[in-house]
There are 2 protein chains.
Amino acid sequence: MARKTKAEAARTRDRIVSCARRVFARRGVNMASLDEVARASGVTRGAVYWHFNGKSDLFMAVRAQTGPLVSFEPPREKDPLEALERGLIGALRRLARDEAARDTYEVMLWRCEYVGEFADVRRDLMEAGKSFLRQTEALYRNAVRRGMLAAGIDPRTAALETFCLYAGMLKIWLADEGGGLRSRIEKLIRAHVASRRRSRVATRRARGSMKP
Amino acid sequence: MARKTKAEAARTRDRIVSCARRVFARRGVNMASLDEVARASGVTRGAVYWHFNGKSDLFMAVRAQTGPLVSFEPPREKDPLEALERGLIGALRRLARDEAARDTYEVMLWRCEYVGEFADVRRDLMEAGKSFLRQTEALYRNAVRRGMLAAGIDPRTAALETFCLYAGMLKIWLADEGGGLRSRIEKLIRAHVASRRRSRVATRRARGSMKP
DNA sequence: TGATTTACATACAGACATGTATGTTTAGTT
DNA sequence: AACTAAACATACATGTCTGTATGTAAATCA
């Protein structure tokens with residue numbers, strides 16, 4: 001077929017990735033054939049194999065096109081707990097608003113059996129998780145330094161709890177299409193973070209004992 | 001082939017289910033062929049098709065053979081928060097001990113794209129989740145009645161949080177083979193439940209104000 | 001004690017999916 | 001302007017999986 005301009009070829013590649021995401025989300029990564037992806041993109045398998053080495057390569061491209069969901073503000077935040085809350089809620093809002101992100105996470109959390117070539121992808125996912133974990137822990141430690149974390153909370157354990165909560169939350173949010181849970185999850189996040197915050201009275205008491 | 005006795009046939013069926021679980025867990029539900037399952041069970045596909053209608057039917061059997069992970073003690077528990085903690089920790093301990101249960105949940109949480117015939121299975125899973133949610137909420141409400149829940153906690157939201165936490169916890173526990181997180185998750189559960197419990201001093205203060 | 005199922009094994013046909021090889025224009029390059 | 005290689009489409013060979021049809025020997029039954 002006629003050779004396309006570089007820019008057009010790049011657009012073709014992008015289109016394939018976008019369509020692959022939709023196809024993967026609706027039919028499952030393994031069930032989806034590259035022919036389906038190609039048809040959805042308005043090309044043939046030839047184009048797909050030209051741009052990608054195979055299904056797993058295409059899958060990586062899908063992941064790469066959608067950046068990470070959460071992004072916490074710089075660690076030197078004045079109110080790290082609010083930063084945490086904003087990060088988590090931001091992720092949820094993005095899921096609700098951005099269909100592409102929704103499809104990507106649908107694929108990763110519900111439509112992929114991490115097997116064979118995809119086994120490493122799971123390890124990648126867990127690495128991303130560890131990164132989330134480190135950032136969260138940093139936020140909690142920051143909160144400790146500022147005397148904002150409630151008494152008796154170990155930041156390391158708290159971070160792990162937030163991590164698990166986040167992971168489960170995403171899965172449930174995605175699966176609960178029309179089940180009435182989605183609307184409650186944002187409230188849940190606020191409650192979660194609030195429970196970690198040292199209460200006003202406790203703060204006042206602590207200040208009082210620090211500067212008598 | 002020679003006809004088997006009824007008891008033997010039942011054992012064959014059981015063996016197929018058990019082997020299917022292992023094969024599904026290692027190769028993924030979609031990637032695994034019924035021939036692999038049959039070979040692993042020491043039979044041919046004929047036997048598999050005799051006992052089951054197909055892969056999805058077999059998958060249901062796998063789920064059914066492994067009962068639910070958590071089982072909370074009767075709702076009239078003296079200390080409902082401890083019941084919650086014991087239930088959650090019990091689930092984790094079972095995962096660690098019982099390889100079959102581990103494989104089953106590995107399959108359901110990581111090795112299955114809930115698509116086509118399996119789309120209903122996801123709905124089933126979410127139904128089971130709602131049941132978990134109801135039970136947890138009942139426990140928290142019980143705790144409220146007994147004055148054991150910390151102040152300012154909404155039992156409904158708290159239950160949803162525990163549910164999400166549990167869901168994420170299982171996924172992460174399973175994926176973190178050798179990553180060092182598993183050993184910390186039990187502590188996490190204790191911290192989670194403890195943070196919901198009204199502190200001793202608060203309890204004493206509340207008692208004091210109740211019976212002056 | 002036949003007759004009838006049962007509990008499988010074997011055989012077969014059809015449907016796809018994958019990977020690669022090859023063809024065909026045209027955008028870049030020199 | 002000629003040449004090269006990009007950006008695909010088309011064609012093909014191969015393997016694998018599924019579902020079903022058929023065979024068969026023993027367990028169960030009347």
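How do the residues of the surface near DNA strand D divide into nonpolar, polar and charged? They divide into 9 nonpolar, 6 polar and 8 charged, where Ala, Val, Leu, Ile, Met, Phe, Trp, Tyr, Cys and Pro count as nonpolar, Asp, Glu, Lys and Arg as charged, and the others, Gly among them, as polar.

**Before starting**

This is a predicted model, in which local features need pLDDT of at least 70 and side-chain atom pairs count only at pLDDT 80 or more, while totals for chains, interfaces and linings use all residues. Residues are numbered from 1 along each chain as its sequence is written, chains are lettered from A and ligands numbered from 1 in the order in which they are written, and side-chain values use heavy atoms, with hydrogens and water left out.

**Stop 1: DNA strand D**

Select DNA strand D and the 23 residues around it, of which A:M1, A:T44, B:R3, B:R45 and B:Y49 come nearest; a residue is near a strand if one of its heavy atoms lies within 4 Å of it. Of the strand D atoms within 4 Å of the protein, 62% belong to sugar or phosphate and the rest to bases.

Next, display three side chains of chain A. An N or O atom of the A:R3 side chain is 3.1 Å from a sugar or linking oxygen of DNA strand D. A:H51 places a polar side-chain atom 2.9 Å from a phosphate oxygen of this strand, and for the side chain of A:T12 the distance from an N or O atom to a phosphate oxygen is 3.5 Å. Two or more residues of this surface come from each of α1 and α3 of chain A and α3 of chain B; helices are DSSP runs (H or I, at least four residues), numbered from the N terminus. The most, 4 residues, is given by α3(A).

**Stop 2: DNA strand C**

Move to DNA strand C, which also has 23 residues around it, with A:R3, A:T5, A:R45, A:Y49 and B:R3 coming nearest. A base nitrogen of strand C lies 2.5 Å from a polar side-chain atom of A:R45. Phosphate oxygens of strand C can be found 3.4 Å from a polar backbone atom of A:L34 and 3.3 Å from an N or O atom in the side chain of B:T12. Here the largest share of the surface, 4 residues, comes from α3(B).

**Stop 3: the interface of chains A and B**

Hide the DNA and select the residues in contact (heavy atoms within 4.5 Å): 43 of chain A meet 43 of chain B. The two chains bury about 3,900 Å² between them, 62% of it on carbon and sulfur atoms; buried area is the accessible area (1.4 Å probe) that two parts lose on being put together, summed over both. In chain A, the residues losing the most area to chain B are A:E113, A:R122 and A:R184, together 18% of what that side buries.

Between the chains there are 6 salt bridges, each a side-chain nitrogen of Lys or Arg within 4 Å of a carboxyl oxygen of Asp or Glu. One of them to display joins B:D154 and A:K187 (3.8 Å, N to O).

**Stop 4: the two copies**

Finally, superpose the chains by least squares on the C-alpha atoms of residues with pLDDT of at least 70 in both. Chain A can be laid on chain B with an RMSD of 0.1 Å by a turn of 180 degrees and a shift of 0.0 Å along the axis. That is the relation of a two-fold axis. The same surface serves both copies, as 100% of the contact residues of chain A recur in chain B.

Notes
A polar contact is a pair of N or O atoms within 3.5 Å; within protein, one must be able to donate a hydrogen and the other to accept it, and residues adjacent in sequence count only if both atoms are side-chain atoms.
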